[in-house]
Amino acid sequence: MKRKLLFIIVLFLFFSACNQERKDRVPLILISIDGLKPSYLEHTDTPTLDSLITSGVMAESMIPVFPTSTFPNHYSLVTGLYTENTGVISNTMFDEEIGRFFRLSDRSAVGDGRWYGGEPLWVTAEKQHVRTATMFWPGSEAEIMGVRPTRWYTYDNSVTYESRVDSVLTWLTLEDDSRPDFITLYFSRVDSRGHSHGPYHEVTMEALTYVDGILRQLINGLNAHGLGQKVNILITSDHGMIDLSEDRLVFLDDIIDLDHVNVINWSPVVMLQPTEGNTELVYNQLKAAEDNFRVYMKQDLPERWRFGGHHRVPDVVAVADLGWTITSRSFFERRGILAGTHGFDNAYPDMHSFFLAAGPDFHQGKVIEPFSVVHIYELMAYLLNIEPAPNDGDPAVLKPIVNRR
Ligand code: AMP
Ligand code: ZN
Ligand code: ZN
């Protein structure tokens with residue numbers, strides 16, 4: 001009888017210790033403002049971001065992974081891995097083993113875990129009994145390593161930004177064990193206006209001011225629930241944006257015979273799988289016309305991109321120079337070009353992304369030098385007190401921004 005009582009007491013102490021640890025853990029909200037270029041802040045009103053910058057840590061810019069597109073960068077951010085180690089090599093890709101294309105418009109592909117290599121933070125957390133919830137994030141709709149966030153949604157652009165914030169506030173105010181400690185929040189409007197109108201255009205800048213107002217709603221909601229100083233927030237973006245022009249066009253069909261290739265991905269990173277026996281011909285023709293773009297055989301892709309090592313990268317890759325578009329005559333006649341885009345070499349400052357950290361675990365009023373997006377995974381694991389999976393990031397890079405109480 002005595003032993004039984006002792007056992008119950010030990011069990012009680014164990015669970016209250018776990019609960020204590022949970023209560024002590026400061027929740028972390030990871031926000032993405034897709035396509036937010038750091039220099040936009042000098043071109044429009046962003047009172048909420050400005051006040052968070054004053055009270056937190058901002059990077060001059062963040063260095064994205066290559067290519068500077070949405071899925072590769074969001075997924076590298078949550079895994080700490082370069083593109084060649086995630087396999088998310090583009091928004092559009094082909095995998096011979098899976099036997100199909102991946103496209104953002106294809107729900108079944110986007111939700112298929114086979115496309116996502118490495119371990120995203122929500123998997124790392126859930127495996128260590130830390131609850132997570134995603135209000136959209138590339139990869140969050142897929143079961144990865146047999147794990148999903150505790151709460152997640154299928155991507156739906158029509159969900160209002162107000163209701164996205166409401167969901168996050170609801171989650172954070174849940175009592176007991178069901179409150180998630182890691183939450184994502186995603187907004188695409190700044191990116192889509194940047195594509196349709198161009199960077200710095202007033203419509204794009206209005207979109208940023210609008211998203212800034214949505215962030216105010218989040219901050220006010222946190223304050224109203226007494227959580228103002230009890231939540232860590234990371235505000236990030238995935239890439240920058242650059243103007244395109246009809247004066248900067250390269251027509252692929254003027255250089256090669258399009259029957260000689262399967263085009264996996266179009267501009268600015270044109271991924272070509274030549275048909276049987278045509279690889280050298282296609283490469284040589286492109287090489288001879290290499291003006292306003294660079295062409296590479298897969299094995300010669302620059303090492304600094306940490307991109308060419310994945311089996312999904314096809315044999316020939318042509319990358320447009322900044323602001324140039326590689327297209328075909330028929331596509332251009334039908335569809336023209338966008339006002340702005342991204343995807344170019346990640347060395348261009350115009351492709352760099354945004355990083356801001358605010359909350360009780362961060363220093364105040366600090367500006368840091370540009371750093372690679374792959375270091376954020378280690379930072380987040382440290383903040384959540386969980387063991388990170390092996391990754392390409394260095395925990396020392398972002399430790400200096402942390403001010404642990
Ligand atoms: P990009 O083509 O690289 O500019 O990608 C930006 C677009 O990605 C956004 O406008 C969204 O429509 C789309 N997107 C973002 N997250 C997701 C998701 N989880 N699933 C499908 N599409 C998404
Ligand atoms: Zn994007
Ligand atoms: Zn975009």
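Which pocket does ligand 1 take up? The space that ligand 1 fills is the largest pocket. This is a predicted model, in which local features need pLDDT of at least 70 and side-chain atom pairs count only at pLDDT 80 or more, while totals for chains, interfaces and linings use all residues. Residues are numbered from 1 along each chain as its sequence is written, chains are lettered from A and ligands numbered from 1 in the order in which they are written, and side-chain values use heavy atoms, with hydrogens and water left out.

**View 1. Ligand 1 in its pocket.**
Let's start with ligand 1, which sits in the largest pocket. (A pocket is an open set of points on a 1 Å grid over the protein atoms alone, where a 1.4 Å probe fits, with protein on both sides within 12 Å along at least five of seven lines; a molecule sits in a pocket if more than half of its atoms lie within 2 Å of its grid points.) Around ligand 1 there are 14 residues, and the closest are Thr70, Asn91, Glu141, Asp191 and His195. (A residue is near a molecule if one of its heavy atoms lies within 4 Å of it.) Helix H3 (70–79), helix H5 (107–110) and helix H8 (189–197) each chip in at least two residues of this shell. (Helices are DSSP runs of H or I with at least four residues, strands are runs of E with at least two, and both are numbered from the N terminus.)

**View 2. Polar contacts of ligand 1.**
Now look at the oxygen atoms of ligand 1. One is 2.6 Å from an N or O atom in the side chain of Thr70, and for Asn91 the distance from a ligand oxygen to such a side-chain atom is 2.7 Å. His342 also has a polar side-chain atom 3.1 Å from an oxygen of ligand 1. The protein covers 82% of the 500 Å² of accessible area that ligand 1 has on its own (Shrake-Rupley method, 1.4 Å probe).

**View 3. The zinc ion (ligand 2).**
Asp34 (OD, listed twice), Thr70 (OG1), Asp238 (OD) and His239 (NE2) are the protein donors here, 2.0 to 2.7 Å from the zinc ion (ligand 2). (Donors are N, O and S atoms within 2.8 Å of the metal, or 3.2 Å for Na, K and Ca; water is not among the atoms, so sites may look incomplete.) Along the chain these donors follow the spacing D-x35-T-x167-D-H. Asp34 lies in the loop between strand E1 (28–33) and helix H2 (47–55), and Asp238 in the loop between strand E8 (232–236) and strand E9 (242–243), so the pair ties together parts that are 204 residues apart in sequence. Asp34 is buried at 1% relative accessible area, and Asp238 is buried at 2%. (Buried means under 20% relative accessible area, with a 1.4 Å probe and protein chains only.)

**View 4. The zinc ion (ligand 3).**
The zinc ion (ligand 3) is 4.1 Å from the zinc ion (ligand 2). Asp191 (OD, listed twice), His195 (NE2) and His342 (NE2) coordinate the zinc ion (ligand 3) at 2.0 to 2.4 Å, with the sequence spacing D-x3-H-x146-H. Asp191 belongs to helix H8 and His342 to the loop between strand E16 (340–341) and strand E17 (355–358), so the pair ties together parts 151 residues apart in sequence. Asp191 is buried at 10%, and so is His342 at 7%.

**View 5. Helix H3.**
Ten of the ten residues of H3 are buried, so H3 is largely enclosed by the rest of the structure. Among them are Thr70, Phe71 and Tyr75. Right after H3 comes Gly80, with a positive phi near 70°.

Key: Buried means under 20% relative accessible area, exposed over 50%, partly exposed in between (1.4 Å probe, protein chains only). A polar contact is a pair of N or O atoms within 3.5 Å; within protein, one must be able to donate a hydrogen and the other to accept it, and residues adjacent in sequence count only if both atoms are side-chain atoms. On a 1 Å grid over the protein atoms alone, a cavity is a set of points where a 1.4 Å probe fits but cannot get out, and a pocket is an open set with protein on both sides within 12 Å along at least five of seven lines; lining residues have an atom within 4 Å of a point.
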